[in-house]
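Student: Could we go through this structure together? I would like to understand how its parts fit.

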Amino acid sequence: MELRNFGSTGLTMPVLGFGCGTVGGLMVRAEHKEMLKSVEYAIDAGINYFDSARMYGDGLSEIHVGAILRELGVSDALVGTKVRLSGSEFNNIEATVSTQIENSLRRLGSETVDIVYTHNTVGKERKIDDGQVSVEDLEHVVIAFEKAVKSGKIRYWGFNGLGETNAIKSAVNLYSPSGIHTCYNMLNPTSGYSVNNTFPYQNYHELITECTKKGIGTVGIRILAGGALSGSTNRHPLALQDVAPIATGDTYQEDVDRTAAYKFLISESFVDNLVEASIRFAISNTNLSTALIGLSNFDQFQKAVDFANKGPLPAEALDKIIKLCSAA
Ligand SMILES: NC(=O)c1ccc[n+]([C@@H]2O[C@H](COP(=O)([O-])OP(=O)(O)OC[C@H]3O[C@@H](n4cnc5c(N)ncnc54)[C@H](OP(=O)(O)O)[C@@H]3O)[C@@H](O)[C@H]2O)c1
């Protein structure tokens, strides 16, 4: 698997990263043997980045990632997790973040974790009910993160690049995180490409490009739009059955309907299916450090690895995808 620099950290990341979230649910709800087989396959394929969070399965994802890496005797994988503030925790941000890091380490069964991100969205204003932190709130998060770096509990820290585009960019400029998560897919490629202003969804105004210039690592999320880019509304039995879109249509169905416009990628023989197109689209952006894939089972993962190994999409296909978004 191709490796890419993770900003200026000195870490390298596999171009396809292992999503341990709750949408696919593999590392939360699958049987032990399915998780074990998938993680073992990942390591053998050179995929050594696992993205977890305390929110995924209320800690279960972290517990499973830590336990399975130990069972396989893998001590050099890169693990990311996330802290998330809610309710009264906004009154004591530093202490909350420090406690959440301790709890994550306990669940992971580790004394240190490679990278911790914020999981809250970012906005100009704090909106507790929406789980949104303000840019100012992040100053207190960063103080706690830096303390955790000094004490060796975490190696690097980053932000969730979801929320209001201007606020995300302000936070990146003010605090210089090591990495960010960013929504990036064929339905919303704006984090990597400039599209014209008729584009109907959130415009991230080339966040990936800007972060790369600043030496900040970029982690692509939702590369399959939560599964909608498969072109089918059917969900795997282990997957979250109701997926709320991020920065695309109002509903999952709307996103699925929009995939019809991308079927030319199959008829013009660029790819065999839209999952392949989506994965290869994400990794075509050489500024993206790693593209996370969300999974329900081993089979989905094996296919994702095969697709990623086919490499980037041809320039002609990329051009057509971006023109389609610009015309939307
Ligand atoms: N920072 C954040 O706030 C944030 C937010 C979201 C995600 N993330 C991270 O990013 C990771 C990926 O995100 P995600 O799971 O939300 O979205 P995603 O990768 O866009 O979509 C995952 C879904 O795609 C479908 N899929 C995967 N492989 C397939 C295949 N080979 N064939 C057909 N369908 C396939 C599955 O749905 P079906 O049920 O249709 O099979 C799966 O549940 C997460 O695990 C998490 O680590 C972070």
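Student: Which residues of H10 are buried?
Tutor: In this predicted model, the buried residues of helix H10 are Leu274, Glu276, Ala277, Ser278, Ile279, Arg280, Phe281, Ala282, Ile283 and Ser284. That is 10 of the 11 residues of H10, which is therefore mostly covered, where buried means under 20% relative accessible area.

Student: And what covers the buried residues of H10?
Tutor: The cover includes three strands and three helices by name: strand E1 (3-5), strand E3 (16-19), strand E12 (290-294), helix H9 (264-267), H11 and helix H12 (315-327).

Student: At what angle do H10 and H11 pack?
Tutor: Helix H10 (residues 274-284) and helix H11 (residues 298-309) pack at about 55°, and their axes are 9 Å apart. That angle makes H10 oblique to H11. The crossing of H10 past H11 is right-handed.

Student: Which residues meet there?
Tutor: From H10, the residues are Val275, Glu276, Ile279, Arg280 and Ile283; from H11, they are Ala304, Phe307 and Ala308. By type, the residues of this contact of H10 with H11 comprise 6 nonpolar, no polar and 2 charged.

Student: Why would residues three or four places apart in a helix point the same way?
Tutor: An α-helix has 3.6 residues a turn, so residues three or four places apart point the same way.

Student: Let us turn to H2 and H3. How are they placed, oblique or roughly perpendicular?
Tutor: Helix H2 (residues 32-44) packs on helix H3 (residues 60-71) at an angle of about 65°, with the axes 10 Å apart. This makes H2 roughly perpendicular to H3, since angles of 65 to 115 degrees count as such. H2 also passes H3 in a right-handed crossing.

Student: What meets what in that pair?
Tutor: His32, Met35, Leu36, Val39 and Ile43 of H2 meet His64, Ile68, Leu69 and Glu71 of H3. The residues of that contact divide into 6 nonpolar, 2 polar and 1 charged.

Student: New topic: isoleucine 180. Where is it found, and is it buried or exposed?
Tutor: Isoleucine 180 is found in strand E10 (residues 179-183). Its relative accessibility is 0%, so isoleucine 180 counts as buried.

Student: What is isoleucine 180 in contact with?
Tutor: Neighbours within four places in sequence aside, isoleucine 180 is in contact with Tyr117, Phe159, Val172, Leu207, Cys211, Ile216, Gly217, Thr218 and Val219. In addition, the C-alpha atoms of isoleucine 180 and glycine 158 are separated by 5.4 Å, although these residues are 22 residues apart along the chain.

Student: Which residues other than glycine have a positive phi?
Tutor: Two examples are alanine 247, with a phi of about 60°, and serine 269, with a phi near 60°. Alanine 247 is in the loop between strand E11 (217-221) and helix H8 (252-258), while serine 269 lies in the loop between H9 and H10.

Student: Are these two buried or exposed?
Tutor: Alanine 247 counts as buried because its relative accessibility is 17%. Serine 269 is exposed, with a relative accessible area of 63%.

Student: Finally, what about the whole chain: how many helices and strands are there?
Tutor: The protein chain has 12 helices and 12 strands. Of its 328 residues, 56% count as buried. The C-alpha atoms fill a box of roughly 55 × 45 × 35 Å along the principal axes.

Student: And what is the radius of gyration?
Tutor: The protein chain has 19 Å, which agrees with the value near 20 Å for a compact globule with 328 residues.

Technical notes
Residues are numbered from 1 along each chain as its sequence is written. This is a predicted model: local features need pLDDT of at least 70, side-chain atom pairs count only at pLDDT 80 or more; totals for chains, interfaces and linings use all residues. Side-chain values use heavy atoms; hydrogens and water are left out. Axes are lines fitted to C-alpha atoms, for helices over the stretch in contact, and angles run from 0 to 180 degrees between N-to-C directions. Helices (H or I, at least four residues) and strands (E, at least two) are DSSP runs, numbered from the N terminus. Angles under 35 degrees count as roughly parallel, over 145 as roughly antiparallel, 65 to 115 as roughly perpendicular and the rest as oblique. A crossing is left-handed if the near helix is turned anticlockwise from the far one by less than a right angle, and right-handed if clockwise. Contact means heavy atoms within 4.5 Å. Ala, Val, Leu, Ile, Met, Phe, Trp, Tyr, Cys and Pro count as nonpolar, Asp, Glu, Lys and Arg as charged, and the others, Gly among them, as polar. The radius of gyration is taken over C-alpha atoms; the globule rule is 2.2 Å times the number of residues to the power 0.38. Buried means under 20% relative accessible area, exposed over 50%, partly exposed in between (1.4 Å probe, protein chains only).
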